[in-house]
Amino acid sequence: MKAIRRFSVRPVLPEPLRPLSELARNLRWSWHPETRELFQSVDPEGWQAAGGDPLRLLGSVSAPRLAALAEDRRFRRRLAAAADDLQDYLGGRRWYQEQPPHLPAAVAYFSPEFGITAALPQYSGGLGILAGDHLKSASDLGVPLIGVGLLYRHGYFRQSLSPEGWQQEHYPLLDPNELPLTLLREDDGTPSRVTLALPGGRSLLAYVWKAEVGRVPLLLLDSDVEDNGPGERDVTDRLYGGGSEHRLLQEMLLGIGGVRAVRTYCRLTGHPAPEVFHTNEGHAGFLGLERIRELVAEGADFDAALECVRAGAVFTTHTPVPAGIDRFDRELVSRHFGDGGELAGIDAGRILELGREDYPGGREDLFNMAVMGLRLAQRANGVSTLHGQVSREMFAGLWPGFDAEEVPITSITNGVHAPTWVAPEVFRLGARQIGAGRAEDALAVGGSQRWDTVADIPDADIWELRRTLREQLVEEVRERLRASWRERGAGTAELGWIDGVLDPDVLTIGFARRVPSYKRLTLMLRDRERLTELLLHPERPIQIVVAGKAHPADDGGKRLVQELVRFADDPRVRHRIVFLPDYGMAMAQKLYPGCDVWLNNPLRPLEACGTSGMKAALNGCLNLSVLDGWWDEWYEPDFGWAVPTADGAAMDEVRRDDVEAAALYDLLTQRVAPRFYDRAAGGLPVRWIEMVRSTLANLGPKVLAGRMVREYVEELYGPAAQAQRALDPVAARELAAWKARVRAAWPAVAVDHVETVSDTEPGGKAELGTTLSLRVSVTLGELDPSDVEVQAVAGRVDHSDRLTRSTAFPLKPAGAPSLDGRRLYEGPLTLDRTGPFGYTVRILPSHRLLASGAELGLIAVPPESTGEAAGVLMR
C-alpha cells in the first residue's frame, strides 16, 4: 500500500554527540576529508549505504550504536576536534579579511543551479558545478558571499537505459526536510515567504531554505507552498523543465524573489547587505529590475535607479551561441509586468526596452535575457579568454561602431574547487611533501604560479598513485555497469563478463559531460573499425569510459547516447568501452582521478570553458582536447595533446567531423598510446610520468577556483563596490541626466578634419621612432570638452587596412573654439613598431563614473573626406 502522508523522522542524538548535527548540516564536510572520515567511522556500512550523506547516515544509525559512540572517549575527542576545526574555519580571518578595506561588505551571487554535493542534487551540468565551486572557494577565501537559487523538488532527472539503450528519465521527489537545509523563519517562528504578483490578481509564494556552504549561506526558493495554486506550486518542480511561461516564472522567482529573499535573510540575521550583485548567466537577470523597483520606491526616478543598479552589478555569460540564450515572447513578458503584474510603479515599456534586440539580426518580438543582463550590469565577463572574444563578437551589436575587441566584456577563466575534486590519494601524496596544512592552502587558496615540490616526488610514487586510482575506477565501473544492466533487464547469470570489464594496467580514457550535439559524444565512433583496432590492439590497447545525460527534450542527444551504448554493448569490445548512466558528482569524483587521458572534442569555439578537463588535470590526468575553452588558453605539449581543428568556411559538417576524427585516431595511435606503453628499464613510463608531473606542477595552480574567485574579487567585485558607493542618489541623478544630454546631442558630434605634421618620406613611409604631430578639428555641438575624449588610435593594419593590436591615447584641446564653434585637439603619435602601421581618430563620451568609453555605445569617427592624412598607413 502507498502512504498517504510522509514524515521525516530525525534521530535524537545523545548530548555528547550533538555536534554531529552541526557538522552534518554544514556542507563543508563535502570537501573536508577529516569530517567525512569521522562520519564514516560512525558506521562504515551505513556510510556506504547512505551514499556518503551524513544526514542520511545519522537517520539510520541504531540507538545502541549511538549510545556506544557517546561513551567512546576516542570518538568524542575526534568529534570535538572536528567541531572546533569547523568553528575556526567559520570565524577565522582568511584571505579576504587581509585585503584592502575597499572591497564589498557582501556579494549576492545568483545562479539557476548549484552543484555543491550529490547529497543536494540541484544541478544539471557545468553551470551548476561551476556555481557550487564558486561558493565553496568563496568560503575558503572568506569572501562574504550569499548564494541565491531555486529549490527544485525533483532536482534534475535521474538517467537509466532501456534494454535498447535509449535514455530514460526518472524524477524522484526530494523532501527538503531530508536534505541539508534549514527553513528560514521569522522571529515569531513562522516560515519566511517571498511573494510575487501575477496577472489576474494571482500570487506566487515561495519559502526560503538555507544551506550552509562553509561560511557561505545559500538561499533556495521553493514554490511548493500550500497557499499557491497548482500551477504556481509547480514553478520550482524541475530544473530546466516546462514551457516558456513556466521558465519565465522560474526566472522571475529567481531574480525578483531572490533579491527579496536576500533582504529577508539580512534583516533576520544581521548579515551585511550586498553591495554587489553577480548574475551567473541570464536566467537570474530580473534581479536588476527588482533592485530598480526598490530604488524607485525610495524616491528615485527610473534612470537614476538604473545607473545605481548597473554600477554594482556583474554579469557572467557562459553562452557561446545565440541559441543558448533564454528569449521570451515580448507579449508574455509585457503581460507579467503590466497592470496587475509584478514591479508595480515601473513602466513595462522601459522593462521591455532593456531586453530588446535592437541591433542587426535581432528579433524585435523577443525579449532577450542576456541582452537585459548586459544592459543592467556595468561589468560583464566571459569564462575563458577565447569565450570572452566570442562573447564580444556575439554581443557587438549592442555597441555599434566599436570593433569587437573594444566591446566591454572581459574574461575570467573558470576554475575548479580542488578540495572537492582532488582524490584523497593525490592529496595525501602532496601532504607528504609539504605537510597537510600547506597542501590544503595550496589547493583552496592558491596564489603560486607553480607547485615546484611536485618535482621531488619519485617517479615510482607517481606511477603507483596513477595505478591505484585506475584500479579504483575499474571497480567503480564494474559495480555501476552491473547495476545498469540489471535495470535494463539482465539476470545475474548473464553478467559474468562484467568481471573482466576494463583492466587496471590499460591506458584509460575518460569522456563525460552533457550531450548537446556540439560536444560530439560520438565523434570517436566516426570510424568504428579503426576505434575497434585501438581498443583491441595486442600491445597498446586503450579503454574508454563514457558518461553523459541528454536533455529530456533533446531526442537528437538521446540518439547519440543510444548510438554509443549500442557500440559499447558489442561483445567484441564491451570489456574495453563502457557507457555509465546517471552521470553526476558522485560518479565524477571517481572518474576524473581514475583516467589517464581526458578527451574533449567539441566544435570550436562552442565550448565556453569546459572545466571537466581541469578536474582531471588536478589528479594527474592528461588532456586530449580540441583547442577550445580553457585548453585553447593554457595548452602546452607538456600537459597533453591538441586535436587539430578542421577550419575553413568551405568545410561541410560531415567532412569536418571526418577530418577531426581521423586526427584524433592518429594522435591516439602515434603519440598517446606509444608514450603510455614506452617503459624504461625499471618498468616505468618515464616520459608519461614527466607529463603527469608537469600537469600537476604547472597546470594545477592555474585551474583552481581559488584563483578564479580572487580574480573576480580584484577585477570585478572591488571596482563594482567602489562604483556603487560613488553613486549616491544625487550622483545617480546627475549621471542619468548627463547620459540623456549626451545621447541627445551626439548626432551633432563630428570629426571634421585631421592634419599630420611629420618627416615621413613621400609614399607613406617612415622610420621606426618617428613622431607625428596630430591636429584634429572637431565639432561638439551642445557638448563641452569635459563631456568627451578625443583619441588617436594607432596600431598595425591588416590587408583590409583595419587596425589590429591597436592602442588608444587622448589628444589635448588646444585653445578656445573657433568662430564656427569647432575645437582643435593636438597630440604626438610615435611610430613604435615596424611594418604596416596606421592610425585614426575618434570621439567618445567621457565621464568619471563610466567603466569604459564604450559604455554608452556612442562614437564619432572621421568620414573619408576628413583629410588626406586621416588613417594614413605607414608601410
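**Exercise 1. A salt bridge within a helix**

In this predicted model, find the salt-bridge partner of Glu 711 and decide where the two residues sit.

*Solution.*
Step 1. Look for the partner: Glu 711 forms a salt bridge with Arg 707, and the closest N and O atoms are 3.5 Å apart.
Step 2. Compare that distance with the cut-off: a salt bridge needs a side-chain nitrogen of Lys or Arg within 4 Å of a carboxyl oxygen of Asp or Glu.
Step 3. Place the residues: both Glu 711 and Arg 707 belong to helix H27, which covers residues 705-726. They are four residues apart, about one turn of the helix.
Step 4. Check the accessibility. Glu 711 counts as partly exposed because its relative accessible area is 22%, and buried means under 20%. Arg 707 has 10% relative accessibility, so Arg 707 counts as buried.

**Exercise 2. Bridges between distant parts of the chain**

Find out which parts of the chain are linked by the pair Arg 350 and Asp 303, and do the same for Asp 582 and Lys 549.

*Solution.*
Step 1. Start with Arg 350, which forms a salt bridge with Asp 303; the closest N and O atoms are 2.6 Å apart. This pair links distant parts of the chain: Arg 350 is in helix H13 (residues 348-354) and Asp 303 in helix H11 (residues 302-311), 47 residues apart.
Step 2. Check the accessibility of these two. Arg 350 is partly exposed at 30% relative accessibility, and Asp 303 is partly exposed with a relative accessible area of 35%.
Step 3. Now take Asp 582, whose salt bridge with Lys 549 has its closest N and O atoms 3.4 Å apart. Here, too, distant parts of the chain are linked, with the two positions 33 residues apart in numbering. Asp 582 is in the loop between strand S17 (577-580) and helix H22 (585-594), while Lys 549 is in the loop between strand S16 (542-547) and helix H21 (555-568).
Step 4. Check the accessibility of this second pair: Asp 582 and Lys 549 are both buried.
Step 5. Put these pairs in context: a search of the whole structure finds 64 salt bridges.

**Exercise 3. A negative patch on the surface**

Which residues form the negative surface patch, and which helices supply at least two of its residues each?

*Solution.*
Step 1. Name the members: Glu 34, Glu 37, Glu 440 and Asp 441.
Step 2. Assign the helices: helix H2 (33-42) and helix H18 (436-444) each supply at least two residues of the patch.
Step 3. Take one member as a check. Asp 441 lies in helix H18 and counts as partly exposed because its relative accessibility is 44%. That fits the cut-off for patch residues, which is over 30% relative accessible area.

**Exercise 4. Reading the UniProt record**

Which residue does UniProt list as a modified residue, and is that residue buried or exposed?

*Solution.*
Step 1. Look up the record: the unreviewed UniProt entry lists Lys 615 for "modified residue: N6-(pyridoxal phosphate)lysine".
Step 2. Locate Lys 615 in the model: helix H23 (residues 612-617).
Step 3. Lys 615 has a relative accessible area of 3%, so Lys 615 is buried.
Step 4. Use the record once more: the unreviewed entry gives residues 13-120 as "domain: DUF3417". In the model this span is 54% helix and 4% strand, and its end C-alpha atoms lie 23 Å apart.

**Exercise 5. Unusual backbone angles**

Where does a cis peptide bond occur, and what is the phi value of Leu 502 and of Arg 520?

*Solution.*
Step 1. The cis peptide bond joins Arg 604 and Pro 605, with omega about 5°. Pro 605 is in the loop between S18 and H23.
Step 2. Leu 502 has a phi near 65°, a positive value in a residue other than glycine. Leu 502 sits in the loop between helix H19 (459-487) and strand S15 (507-512), and is buried because its relative accessible area is 3%.
Step 3. Arg 520 is not a glycine either, yet its phi is positive, about 55°. Arg 520 lies in the loop between S15 and helix H20 (528-535) and is buried, with a relative accessible area of 5%.

Terms used:
Residues are numbered from 1 along each chain as its sequence is written. This is a predicted model: local features need pLDDT of at least 70, side-chain atom pairs count only at pLDDT 80 or more; totals for chains, interfaces and linings use all residues. Side-chain values use heavy atoms; hydrogens and water are left out. Patches are made of residues with over 30% relative accessible area and no salt bridge: like charges are joined within 9 Å, nonpolar side chains (Val, Leu, Ile, Met, Phe, Trp, Tyr) within 5 Å. Accessible areas come from the Shrake-Rupley method with a 1.4 Å probe; for residues, only the protein chains shown count as cover. Lys and Arg count as positive and Asp and Glu as negative; His and the chain ends are not counted. The place of a charge is taken as NZ of Lys, CZ of Arg, CG of Asp or CD of Glu. Buried means under 20% relative accessible area, exposed over 50%, partly exposed in between (1.4 Å probe, protein chains only). UniProt positions are given in the numbering used here, feature names are shortened, and annotations may be inferred rather than shown by experiment.
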